[in-house]
Structures are given as C-alpha cells and as structure tokens.
Amino acid sequence: MNLDKFNKPQKEAVKLLEGPLLILAGAGSGKTSTMTGRIAYMIEQGISRYNILAVTFTNKAAGEMRERVEALVGSCDGMWILTFHAMCLRMLKMDANLIGYGKNFVIYDTTDQKTLIKNILKDFNINDKEFGIPYLLSIISNCKEQGQSPELYRKNNEENFRTKTIYNVYKEYTSRLKKNNAMDFDDLLLNTLILLRENPELLDKYRRRFQYIMVDEYQDTNHIQYMLIKLLADEHHNLCVVGDDDQCIYEWRGADIRNILDFEKDFPEAKVIKLEQNYRSYGNILAGAHSVIENNRGRKNKKLWTDKEDGHKIRYYRADTEKDEARYIVSEIGFMKTGPENYLWSDFAILYRTNAQSRVFEQAFAERGIPYRILSGLRYYDRKEIKDLMAYMRLVANPKDDLALSRIINEPKRGMGAKSMEKISSFATMYGESLLETLSRPEIIAGLSGKSGSSVKALIDCLNLCSSEADNLRVSDIYDELLVKTGYIKALEDAGTVEAEGRIENLMEFKSVIADYEKEAENPTLAEFMEKITLMAEVDNHDENTNAVVLMTMHSSKGLEFPVVFLPGLEDGLFPGHRALENEDSMEEERRLCYVGMTRAKERLILTSASMRTIYGRSDYTRESTFLRELNPKLMEGDGVFRKKKKDDMDVYTGGRDGYSNPNPIKPFDVSKYSSACKTGAFDLVKNAKMATRANVSSEGAVDIKEGDRVSHSKFGEGLVIETDERTLTVMFDSVGRKKLAKGIAHIKKL
Ligand code: ATP
Ligand code: MG
C-alpha cells in the first residue's frame, strides 16, 4: 500500500493500530480518508477482515467507506462497516430472543410512534393539548438515550400530576411496543446495550471478534452509543475515534460533545493526533468558516491551513423574497454551468436549514428544466400510499404488528370503522392474540356485515397466504400480490382522480426500489428489505452518478463535499433559529452547523437571504443572520450585509438568451429517467395490476397444472410438478429442489 498520499500525521494515524487513538481535526482535513487508509493498512498487515468494526453515522457514509476500502483491498467481506443503528440491528436480529423479543421484530418510525402515543392518550383519556405528542416522544426518547426505564424515570422525578402521566404513558408505550414485537430507533441502541450487558458470553464473543474498532464523526455519539463502544473495546482498547468538536450538530438528539473532549480522560493512555491541513476548500472559504466558528466559546482551539489558492470570495445575495432567492440561485447555477469550469449539475448543492425551504427551489428548478434531487426522508417514504403498502408488507413479515393492521384495515375502505375495530380489539385482548389472528377466526368474520365481511376475508386470506408463502416468493411478487389482492390498486383506479394517478405512479416507483434491492441483495427476503427501507436515512438516495443538482438539509450533508455550495435562508429566526437567539448553547450548536455547511464547499460558496420570507404560510420581514455579521467582510463580495442592495449591481440570469440552455430538460420525478428498474420492466406494474385485477394474473395457469407438468416459477426457476392437490403443488425444481407451493398465489407458469 502506498502511504505517500498521506501527510505526516495522517501516516502516523494510519500505522498506529494498537491502543486508543483520537484523531481530532477540523473539516476536510482527511479524517475519514485516514480512517479508510487505516483499514486498508490493517488488511495489509495481515489482520483478519473479520476482526474489524468501523462505525459511522449515515448509511451513505458507511457505503462510501465500504467502496473506498474495496477499492484499496478488494473486498470488505467479513468486516462490519456500518452505522450504529445497522450494527445494533444486526446484533439484535441474531439474538433478540435473549431479551424477550421475537427475532422478526419490526422497527417503528416516527409516524408509527406518533400513532402509538395518540392511541395511548385516547385510551387513557389524556388531553393531547396538555401533553403534546412530540413533547411526550421527546421525553421518552431522552429517557431511552440516558438508559432510563419507566421505573427509573419515576424514581428520578418528583411525583406530581405531570410526571405521573408521563410515567404512565412511557410505561404503556414500552409495553405496547413489546406486544407488537416492535422497537423504535432508540430501542435499537438501548436494547443492544441491554443484550450485551445481560449476556456476558455474547459480549465476550463480540469482544473477541472485533479486535479493532473505529468510529467516525465521534463528536455526534450519544450516551448509549458511547457506552456500547466502550463496552466492546473495554478489553483490548484498540479503539480509534475520529471527530471534530466544531462539527457536533446533534446535541438536540442527545449527542454529547463531551464524549470527544473527554476521550483522553476515559483512556489515559490515548494517543491524540491532530490534522491541520485542509485539502478540501479554497482559502477564502476556509477562512470564512473560521471567522464564524471562532465566535463559539466552548471549543478546542484549532485552526486549519491550506496550501490551495484563495479562490473566489464568498458571495452574498440579499433577495427580496424567498422566490427571488430561489430564482437567483437557479440562475447562478445556470451561469456557472456554462462557465470554464465545466461543472456538472451534480457539482452544485443547496443546503438549507429546514426541509420547508425546499419547495420554492423545486418549483424554480422545474420551471427551468434543470434536473435536481431532493435528499430527504420526507419526500418519498412518508407518502401515504408508500406507508400503506409498507404496513401491508410489515404485516406479512410480522403478523403480530397490530399498528400496521390498524393502519390498513380500512385502506382501502372495507367498512371497518373505529367502532368495529374497537370490538375486534377487545376480542383480541380477551383471546390474548394479535388483531390479525383474531380477524382470522371464522366466527369473527362471520360476525361482520356481508360486504365488510367478504372484503376483510379477502384481505386476511391474502395476508396469511403471503405470510406462509413468503419464502417461496420474490419480494416484488409479494408486493404485486398485496397491491392487487387487497384491492388497493383497484380503489385508486376507481377513484380516477389526478391525485390517485399520482399515487399509482409513486407505487410504481416503489416497485423500482424493490427491483433495485433484489438485484443487489445476495439473498433477498422481505424481512431484510423492510429493514433496509426503515433504516434508509435522509441521505441515502444520494447517488453521485446521477447528474442533478443536490438539495438537502445541512444536517444531512455531514461528511460530504461539493464543488459549489449554496446556503440559503441566512436570516435570524431561520438560521440561526428562534430558539438559538435566546439560548447561548443552542446558538453555539447552530454555529457549528453553519461551519459544517460552509466547509462542504470546495471551490465556491454562495450565501443568500430574503428580506421578506413566507414560510409555514406566514410572511415576515427578516433580519440578516448573526452568522453573516460574524463573517469577515474582507472575504465577501456581492451585497454588503446591512447595506441596501442596489438592484442593477447584480447580474441576474433571466433565461436562455445568454447561450445557456438545457439541452435535455428533465422533469422532476420523471422516475423513468433515473431508475434502472424501468428498464427491467418494473414499470409495467400498473398495466399488470390492471390486468391482474381482472384476470388474476398471479395464479394464472396454476389452476390446470397437473402432475408431470414442467413449470416455471418466478423465484425458483424451472421444475417438475410431482404432486398436486386442491390447494397445493409440490414441485421438484432443477436448482433448489423440492418445494410445496400454494396454488392460489404461486407465481408459476406451465411450460
Ligand atoms: P469532514 O470533517 O467534513 O468529515 P474529513 O476530515 O473527514 O472531513 P475527508 O473527507 O477525509 O475529510 O477529506 C477531505 C478531502 O481532502 C477529500 O477530497 C480527500 O480526498 C482529500 N484529502 C485528504 N487527505 C489528503 C491528502 N493527504 N492529500 C490530498 N488530498 C487529501
Ligand atoms: Mg469525514
């Protein structure tokens, strides 16, 4: 391995494999690169891949790290390079039974959590005005991050009406999760800690396995994550953590900046390596970022230098409104795209403080026909139809998931109102069963009114069949089956509205997500797919190969870099937010976020604000951001902060007339342009689904199949039918051997 590409301190860090090591350095100084180099060096030194554990914060960062390591050493097989949550999930999937969960547990996301709390408040007659759902969830999350059980919470807090209510809700929340065999995101971490603590043999196994542990972005670890790492590394102390106290941006989520500042205390023999050269940004950008972060008091004093040229000054534009701001940014991108640098669309990033800012940009890009991608969890997976289908799939994977069942029992309408569900629910409690189990009882179905009864029966049959046949079906088959047999797609078709059409399109797009997964996974299963989707964090659909302008929150941009970065919305109240203006700690956190945003830029950094902004339906005059005022004015060009803008100063792009025109305008969400799945025919789904609703395509052909027939199955390939009865087919497949399949659902064709 050629170590020449590393500078002296980087090289030292790469080669120091034994004992605790802290790499503390500013943005763009090569921390992540050094960590990757270190892994490669380990392999070269003959350390087994199996002994390496590297943890990062986003799936994107983990993926990137795997790619880089693969490029250096060929394969990552055996290593664990993943996020904290993925690590915990993997450990729990193997041994969750040791702490009283089924191994097929599901993960509840924020929406599920809210629904659960809402139900509890209703059942307990608690006023949600008095105890807001987000408030309760944040307390519960805090407790879990501190490792506080409901009982501990009660013990640690003086008893009054408020704490008693919170205790009751927290306790019920915990028990309902468990009853549904579900965990929330905090549970993944907490339960893993409990699992390891309570099972010394298991802990010992992991300790022996992971001889070399590394954590990137260590400044953002919370207490539980810290405890986990400490537990795993406690014997050998071969722990390398990498971070930057100036980039801690998750304090509100429990990240504890002390974890990095106290590393030397926790491991007195720790070696500390500082990296001081920045390789990412031009001089002015780096100096600008420093002039802002310097205003934070609680930080280790470190300054980066670069041998790069100063580059352009940091540009600032004070727009009239948020629309003007978007127009300006989009036209600047248009200008630069035709400039001598030969920028690609994907070289531009717009990093904003809140997701709500993205809409105006979307509009502006759509009008110009400039391709763009929004990287945000909200955009896609939070759509109603996607969540519905995911609930269906969750039920197939885990029939105990009552929350999922409540979500879809009346989606589409099956005449199961709140009253009927209450009844079913009380039966389920009485029998000690899940809702699905109770609904599967013939006497219960018989008790439902005619129309309702038959559609619920169709639903239950479909779910149970998919469940029992899950191993024999491809994930995409299960998906089709659910779309069609539950009547979901038909209901949308019948609605015939524009909105319904849109939903159908989104469901097609989802099919391409499944197709991509099936192509990549070694052994694709529904359960694994559901895990992947649930873990998919904001940044995940960021694919450098797609040539489109990138839009995301500053939080999600951690660790990434782009040639040109725009930071819009630099206004007091937005960035820094209102809360920060009143509280010094929050202010420092926002300032660190500003530092993260600015240091993503390699060549150009452009800041903007709007004098009047309409956001969340309210219009207000704004004041330029504190951060703008802190920025060294010598490094800036464009509008002066506080100086009234002269309109004619600005050279604003107004359309195609300057020779810039987009030869291939791509409409937003024209998924067929982006998705590889469309090429594989996944987009025939709606067509198929339409046919299927009529002709029942999936089981087509299975009806008249006899013993001795040669058949072809969507998952198992070709085979010979050796036995049939009314409901099943037994097939000897050429590649996988004997399988028994249910006739009604087998994706099978007679040859
Ligand atoms: P952040 O704090 O934003 O996560 P980082 O410290 O992890 O940044 P990297 O992403 O590893 O920094 O590196 C920043 C850039 O500098 C990358 O483009 C990387 O390729 C480059 N780089 C790192 N070290 C060197 C080096 N010794 N010589 C040349 N380029 C380098
Ligand atoms: Mg990094």
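Start at ligand 1 in this predicted model, where an oxygen atom of the ligand sits 2.7 Å from an N or O atom in the side chain of arginine 600. Two more side chains make polar contacts of this kind. Serine 33 puts a polar side-chain atom 2.5 Å from an oxygen atom of ligand 1, and glutamate 561 does the same at 2.6 Å. Taken on its own, ligand 1 has 640 Å² of accessible area, and the protein covers 80% of that.

Now widen the view to the whole shell. It holds 19 residues around ligand 1, and the ones that come nearest are Lys31, Thr32, Ser33, Glu561 and Arg600. By character, the shell splits into 3 nonpolar, 10 polar and 6 charged residues. If you're wondering which element gives the most to it, look at helix H2, residues 31-44, which supplies 3 residues.

From the ligand, move over to the parallel sheet. General background helps here: the strands of a sheet pair through backbone hydrogen bonds, and they can do so either parallel or antiparallel. This one is an open sheet of 6 strands with parallel pairing, and reading across it you get S3-S2-S6-S7-S1-S8. Strand S3 (80-83) and strand S8 (271-275) are at the edges with a single partner strand each, so each has one side without a neighbour in the sheet. On average, neighbouring strands here are turned by 15 degrees against each other, ignoring direction.

For a close-up of the pairing, take strand S1 (residues 21-25) and strand S7 (residues 239-243), which run in the parallel sense and share 4 bridges. Leucine 24 is one residue to click on: its bridge partner in S7 is glycine 243. Over at the S3 end, helix H4 (residues 84-95) lies across S3, strand S2 (52-56) and strand S6 (212-215), and it runs at about 110 degrees to S3.

Further along the chain there's another open sheet, this time of 5 strands with antiparallel pairing, in the order S20-S19-S18-S17-S21. Its edges are strand S20 (737-742) and strand S21 (748-750); each has a single partner strand, so one side of each is left without a neighbour in the sheet. Neighbouring strands in this sheet are turned by 40 degrees against each other on average, again with direction ignored. What does the edge strand S21 pair with? Its partner is strand S17 (residues 710-713), joined in the antiparallel sense over 3 bridges. Within that pair, valine 711 has lysine 750 of S21 as its bridge partner.

Last stop: some backbone oddities. As a general matter, most peptide bonds are trans, and most residues other than glycine have a negative phi. Against that background, check the bond between glutamate 411 and proline 412, which is cis with omega at about 0 degrees. Proline 412 is in the loop that links helix H19 (402-408) and helix H20 (418-431). Phenylalanine 575 and proline 576 are also joined by a cis peptide bond, with omega again about 0 degrees. You'll find proline 576 in the loop between strand S13 (562-567) and helix H28 (578-582).

The remaining oddity is a phi angle. Asparagine 125 has phi near 55 degrees, a positive value in a residue other than glycine. Like the two prolines, asparagine 125 is found in a loop, here the one between helix H5 (110-123) and helix H6 (133-145).

Conventions
Residues numbered from 1 in each chain as written. Chains lettered and ligands numbered in written order. Predicted model: local features only at pLDDT ≥ 70, side-chain atom pairs only at ≥ 80, totals over all residues. Heavy atoms only, no water. Pairing = 2+ DSSP bridges. Axes fitted to C-alpha atoms, helices over the stretch in contact; angles between N-to-C directions. Contact = heavy atoms within 4.5 Å. Near = heavy atom within 4 Å. Polar contact = N/O pair within 3.5 Å; in protein donor to acceptor, adjacent residues only side chain to side chain. Areas by Shrake-Rupley, 256 points an atom, 1.4 Å probe, with all protein chains shown as cover. Nonpolar A, V, L, I, M, F, W, Y, C, P; charged D, E, K, R; others polar.
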